[in-house]
Amino acid sequence: MASSLALAGAAAFAVLSAQSWTRVVRHWDDPAAPSSPMALARLFGPDAQRRLEHASVLNAACLSGLTLLLLGGAWLPPAGSTAKENPVALGVAVLGLAVFFAGILAQLSIGFFGGPRFLLPRRFRGAKSDVSAVSMPVPGRAGDTAEISADRDEAES
């Protein structure tokens with residue numbers, strides 16, 4: 001017997017996961033496309049936040065892991081039940097938990113240490129900053145500034 005609440009949660013996370021994977025694919029093809037960074041990316045500094053935005057594949061992996069966890073958990077028997085345990089459901093739930101924790105740990109690693117770089121799109125793997133930014137005052141508005149960013153490939157530098 002499947003838990004309807006766990007199935008509803010799995011369906012909700014599946015929709016969020018599909019949206020996140022769509023954003024990842026778009027962002028890997030076009031750096032100007034919006035990404036899907038982890039929810040706590042704003043707690044990091046600007047460089048780490050930028051790396052986490054480029055490594056949005058990890059956020060999508062976490063959402064997929066939660067989907068698998070809830071989907072597998074929906075078919076596990078309730079505690080104290082005489083129903084036979086489903087090894088496939090247990091395996092799916094454990095796989096989902098492992099994917100979720102691997103995604104979280106990789107996001108923290110990118111946020112704090114800057115790696116592993118293979119999780120970033122190729123154009124953002126270099127040691128140098130991927131974006132050159134210049135701030136300047138906006139004419140006619142006291143105290144306001146504007147930022148101009150230029151994205152460069154190393155081959156074209």
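Helices, of at least four residues, and strands, of at least two, are taken here as DSSP runs and numbered from the N terminus. The model you are looking at is a predicted one. Here are some exercises to work through with the structure open.

**Exercise 1. Sketch the overall make-up of the chain.**

Task: Find how many helices and strands there are in the protein chain, and in what order the elements run from the N terminus.

Solution:
- Step 1. Start with the count: the protein chain has 4 helices and 2 strands.
- Step 2. Now put them in order. Going from the N terminus, the pattern is α-α-α-α-β-β.
- Step 3. Add burial: 29% of the 157 residues of the protein chain count as buried.
- Step 4. Finish with contacts. Taking those between residues at least 6 apart in sequence, 57% join residues at least 24 apart.

**Exercise 2. Describe how α2 and α4 meet.**

Task: Work out at what angle the axes of α2 and α4 cross, and which residues meet there.

Solution:
- Step 1. Locate helix α2 at residues 46–54 and helix α4 at residues 87–113; their axes come within 8 Å and cross at roughly 145 degrees.
- Step 2. Give the crossing its hand, which is right-handed.
- Step 3. List the partners: from α2 come A48, R51 and L52, and from α4 come Q107, I110 and G111.
- Step 4. Sort these contact residues by type, and you get 3 nonpolar, 2 polar and 1 charged.

**Exercise 3. Find the buried face of α2.**

Task: Name the buried residues of α2 and explain why they line one face of the helix.

Solution:
- Step 1. Apply the cut-off: a residue is buried when its relative accessible area is under 20%.
- Step 2. In α2, the buried residues are A48, R51, L52 and H54.
- Step 3. Look down the axis of α2: the buried residues lie within an arc of 160 degrees, so they line one face of the helix.
- Step 4. See what that face packs against: the buried residues of α2 pack against α1 (4–29) and α4.

**Exercise 4. Compare the settings of two glycines and an isoleucine.**

Task: For G65, G114 and I104 in turn, state the element or loop and whether the residue is buried, partly exposed or exposed.

Solution:
- Step 1. G65 sits in helix α3 (residues 57–74). Because its relative accessibility is 0%, G65 counts as buried.
- Step 2. Beyond residues up to four places away in sequence, G65 touches G96, L97, V99 and F100. The C-alpha atoms of G65 and F100 are 4.6 Å apart, though 35 residues separate the two along the chain.
- Step 3. G114 belongs to the loop between α4 and β1 (131–137), and at a relative accessible area of 6% G114 is buried.
- Step 4. Setting aside neighbours within four places in sequence, G114 is in contact with R51 and S109. From G114 to R51, 63 residues along the chain, the C-alpha separation is 7.2 Å.
- Step 5. I104 is in helix α4 and is partly exposed, at a relative accessible area of 28%. C-alpha to C-alpha, I104 and L58 lie 7.4 Å apart, with their positions 46 residues apart in sequence.

**Exercise 5. Classify a ring pair.**

Task: Decide whether the pair F112 and F113 is stacked, tilted or edge-to-face.

Solution:
- Step 1. Count the aromatic pairs with centres within 6.5 Å: there are 2.
- Step 2. Recall the angle cut-offs: under 30 degrees is stacked, over 60 is edge-to-face, and the rest are tilted.
- Step 3. The ring centres of F112 and F113 are 6.5 Å apart and the planes stand at 55 degrees, so this pair is tilted.
- Step 4. Check the surroundings: F112 and F113 are both exposed.

Definitions and conventions:
Residues are numbered from 1 along each chain as its sequence is written. This is a predicted model: local features need pLDDT of at least 70, side-chain atom pairs count only at pLDDT 80 or more; totals for chains, interfaces and linings use all residues. Side-chain values use heavy atoms; hydrogens and water are left out. Axes are lines fitted to C-alpha atoms, for helices over the stretch in contact, and angles run from 0 to 180 degrees between N-to-C directions. A crossing is left-handed if the near helix is turned anticlockwise from the far one by less than a right angle, and right-handed if clockwise. Contact means heavy atoms within 4.5 Å. Ala, Val, Leu, Ile, Met, Phe, Trp, Tyr, Cys and Pro count as nonpolar, Asp, Glu, Lys and Arg as charged, and the others, Gly among them, as polar. Buried means under 20% relative accessible area, exposed over 50%, partly exposed in between (1.4 Å probe, protein chains only). The arc is that of the directions from the helix axis to the C-beta atoms. Rings of Phe, Tyr and Trp (its six-membered ring) pair if their centres lie within 6.5 Å; planes under 30 degrees apart count as stacked, over 60 as edge-to-face and the rest as tilted.
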